[in-house]
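Here is a short tour of one protein model. Start with the sequence and the 3D view, then read on.

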Amino acid sequence: MQKGQCLCASIHFQINKKIETIYQCHCSLCRKQSGTHANHATIVQANDFEWLVGQDNISTYKKDTGFTSSFCKKCGSPVPNQIGQTHLIWIPLGLIDGEIYPTQQLNFCLSSKANWEKIYLDSTDYEHLPTWNETIDIFK
């Protein structure tokens, strides 16, 4: 079982099975919805998903194409939502509390990934967030 919540903790949910498959979608819609290079998520059957509290704090935006984005009205975090008329629930992985040990990791829509999305072999890596002064120096 995995539990998750939005940034302000007004929405809580539970997944009643082990998360085994995760994915990143690199399409332009997922980049806009997540605000970053890809959407990191999993999909579970609706009968394996349970809202615990806060469903009344969810707002949903739906494009004419059917793309749906649900989010917390208070903090703006993307939150799980049903995929169309299916029995599947999309779950953003960043909301999960605790560790996930997937057995399968997938990438979708690599043909439309952002041109700046690359793995930099000569990068400077930080185990933690840089100090404020380091951050100012980095982004001069």
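Strands here are DSSP runs of E with at least two residues, numbered from the N terminus. Thr-21 has its place in one of them, strand β3. Keep in mind that this is a predicted model.

**The largest pocket**

The largest pocket holds about 250 Å³ of space. It is lined by 14 residues, and those closest to its centre are Phe-67, Thr-68, Asn-81, Ile-83 and Trp-90. What is the make-up of the lining in nonpolar, polar and charged residues? Seven are nonpolar, seven are polar and none is charged.

Several elements contribute to this lining. β3 (21–25), α1 (28–34), β4 (39–45) and β8 (81–82) each give at least two residues to it.

**The strands around β4**

β4 pairs with β3 in the antiparallel sense, over three bridges. β4 also pairs with strand β9, residues 88–92, again antiparallel, this time over five bridges. One residue from each pairing helps to place the strands. Cys-25 stands opposite Asn-39 of β4. Val-44 has Ile-89 in β9 as its bridge partner.

In a regular strand, side chains alternate between the two faces of the sheet.

**Two residues compared**

The table sets out one residue from β3 and one from β4.

| Residue | Strand | Relative accessibility | Class |
|---|---|---|---|
| Thr-21 | β3 | 29% | partly exposed |
| Asn-39 | β4 | 5% | buried |

Why does Asn-39 count as buried? Its relative accessibility is 5%, and buried means under 20%. Thr-21 counts as partly exposed because its relative accessibility is 29%, and that class lies between 20% and 50%.

**Thr-21 and its contacts**

Which residue is 83 places from Thr-21 in sequence but 4.7 Å away in space? That residue is Gln-104, with the distance taken from C-alpha to C-alpha. The side chains of Thr-21 and Gln-104 also make a polar contact, at 3.3 Å. Leaving aside residues up to four places away in sequence, Thr-21 touches Thr-42, Gln-104 and Leu-106.

**Asn-39 and its contacts**

Asn-39 lies in strand β4. Which residues does Asn-39 touch, not counting those up to four places away in sequence? They are Tyr-23, Gln-24, Cys-25, Cys-30, Gln-33, Ser-34 and Trp-90. Two of these names have come up before. Cys-25 is the residue opposite Asn-39. Trp-90 is among the residues closest to the centre of the largest pocket.

Technical notes:
Residues numbered from 1 in each chain as written. Predicted model: local features only at pLDDT ≥ 70, side-chain atom pairs only at ≥ 80, totals over all residues. Heavy atoms only, no water. 1 Å grid on protein atoms, 1.4 Å probe; cavity = no way out; pocket = protein on both sides within 12 Å on 5 of 7 lines; lining within 4 Å. Points joined across faces, edges and corners; volume = space filled by probe spheres on them. Helix = DSSP H or I, 4+ residues; strand = E, 2+ residues; numbered from the N terminus. Nonpolar A, V, L, I, M, F, W, Y, C, P; charged D, E, K, R; others polar. Buried < 20%, exposed > 50% of the residue type's maximum accessible area, 1.4 Å probe, protein only. Contact = heavy atoms within 4.5 Å. Polar contact = N/O pair within 3.5 Å; in protein donor to acceptor, adjacent residues only side chain to side chain. Pairing = 2+ DSSP bridges.
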